[in-house]
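Here's a quick briefing to read with the model open beside you. Start with the overall picture, then work through the topics below.

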Amino acid sequence: MDRDKALRIVKKQLTEKRYVHTIGVMETAIELADRFHVDRDKAELAAIFHDYAKFRNKEEMRQCIIDQKMPHDLLLHHEELWHAPVGAYLVKKEVGISDEEILEAIRCHTSGKINMSQLDKVIYVADYIEPNRDFPGVEVVRDSAKTSLDIAVVQAMKNTILFLLTRNQPIYPNTFHAYNDMMMKVKERKLQ
Ligand code: DGI
Ligand code: FE
Ligand code: FE
């Protein structure tokens, strides 16, 4: 699917602000894909559709998680996490994208997971550092992303977990698993 068609489809699902964020993620994801030798067409499509389900109603998402037998523990955690797996499902069903690598990058873009692919990491980091983002510490992650995708992922995960801790929010197990997995990989590499 070409970029213009994809953007036309996703625009209908989003608010103006979220659409601007999506364009930022798309441009950043393409930049990262080129820098780290990831398929730029897949990065573009995954970025365009990563927040496809962001504005779906909570009950529809809950039902989708149950009907599609997605991990049940999602329902115990904040609904902010739901738009990622539900988005992957809807992008396949409603938009007709069937590339599993793209769908997986959408599926894990909020929590991360163990053994993220390079494409998963590109989308995770692009979502975090796109130019409209203004989190505390985002500049450090932007800087790291110039040289190491893995270090950028770890830093973004660390910031997200710290943010959730300060808000007294429970943390979804995959968020911790993803952080541990990436941190160990980054450390192992340093020791070599
Ligand atoms: O959809 P976006 O706003 O572009 O970004 P996102 O999909 O990365 O994250 C949406 C929100 O999800 C963000 O405010 C942080 C939150 N989040 C990420 N991991 C966890 C989480 N919230 C909880 N409660 N637990 C998590 O593990
Ligand atoms: Fe999201
Ligand atoms: Fe996003």
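Two residues count as being in contact here when they have heavy atoms within 4.5 Å. With that in hand, look at helix α6: what covers its buried residues includes α3, α5 (83–95) and α7. Keep in mind that this is a predicted model. The protein has 10 helices and 0 strands, and two iron ions, ligand 2 and ligand 3, lie 3.6 Å apart in it.

**Overall build**

- Reading along the sequence gives you the pattern α-α-α-α-α-α-α-α-α-α.
- The C-alpha trace spans about 45 × 35 × 30 Å along the principal axes.
- A compact globule of 192 residues would have a radius of gyration near 16 Å, and the protein agrees with that because its own value is 16 Å.
- Of the 192 residues, 49% count as buried.
- Take the contacts between residues at least 6 apart in sequence: 60% of them join residues at least 24 apart.
- The protein exposes about 10,100 Å², and carbon and sulfur atoms supply 53% of that area.

**The iron pair**

- Which protein donors does the iron ion (ligand 2) have? They are Asp51 (OD), His83 (NE2) and His109 (NE2), and they lie 2.1 Å from the ion.
- If you like to scan sequences for motifs, the donors of ligand 2 follow the spacing D-x31-H-x25-H along the chain.
- Asp51 sits in the loop between α3 (40–49) and α4 (58–67), while His109 sits in the loop between α6 (100–107) and α7 (118–129), so the pair ties together parts that are 58 residues apart in sequence.
- The iron ion (ligand 3) is coordinated by His21 (NE2), His50 (NE2), Asp51 (OD) and Asp127 (OD), at 2.2 to 2.3 Å.
- For ligand 3, the donor spacing along the chain reads H-x28-H-D-x75-D.
- Asp51 turns up in both sets because this residue coordinates both iron ions, ligand 3 and ligand 2.
- Are these donors buried or exposed? Asp51 is buried, with a relative accessible area of 2%; His109 is also buried, at 3%, and His50 is buried at 0%.

**The nonpolar core**

- In general, nonpolar side chains tend to be buried together in soluble globular proteins.
- Here the largest nonpolar core has 62 residues.
- Which members touch the most other members of this core? They are Val10, Phe49, Val86, Val91, Ile97, Val122 and Val125.
- Helix α7 supplies the largest share of the core, with 8 residues.
- Ile97 makes a good spot to zoom in: leaving out residues up to four places away in sequence, Ile97 touches Leu45, Phe49, Val91, Lys92, Ile102 and Leu103.

**Helix α6 and its surroundings**

- The buried residues of α6 are Ile102, Leu103, Ala105 and Ile106.
- These residues sit on the same side of α6, because they cover an arc of only 160° around the axis.
- Among the contacts of Ile97 you will find two of these α6 residues, Ile102 and Leu103.

**Lys42, a buried lysine**

- Lys42 lies in helix α3.
- Why does Lys42 count as buried? Its relative accessibility is 19%, and the cut-off for buried is under 20%.
- Apart from neighbours within four places in sequence, Lys42 is in contact with Asp99, Glu101, Ile102 and Leu119.
- Lys42 and Leu103 are 61 residues apart along the chain, and their C-alpha atoms are separated by 9.8 Å.

**Positive phi in two loops**

- Lys69 has a phi near 55°, a positive value in a residue other than glycine.
- You'll find Lys69 in the loop between α4 and α5, and this residue counts as exposed at 73% relative accessibility.
- Asn115 is another non-glycine residue with positive phi, near 60°.
- Asn115 is found in the loop between α6 and α7, and Asn115 is exposed, with a relative accessible area of 52%.

Definitions and conventions: Residues are numbered from 1 along each chain as its sequence is written. Chains are lettered from A and ligands numbered from 1 in the order in which they are written. This is a predicted model: local features need pLDDT of at least 70, side-chain atom pairs count only at pLDDT 80 or more; totals for chains, interfaces and linings use all residues. Side-chain values use heavy atoms; hydrogens and water are left out. Donors are N, O and S atoms within 2.8 Å of the metal (3.2 Å for Na, K and Ca); water is not among the atoms, so sites may look incomplete. Helices (H or I, at least four residues) and strands (E, at least two) are DSSP runs, numbered from the N terminus. Buried means under 20% relative accessible area, exposed over 50%, partly exposed in between (1.4 Å probe, protein chains only). A nonpolar core is a set of buried Ala, Val, Leu, Ile, Met, Phe, Trp, Tyr and Cys residues joined through side-chain atoms within 4.5 Å. The radius of gyration is taken over C-alpha atoms; the globule rule is 2.2 Å times the number of residues to the power 0.38. Accessible areas come from the Shrake-Rupley method with a 1.4 Å probe; for residues, only the protein chains shown count as cover. The arc is that of the directions from the helix axis to the C-beta atoms.
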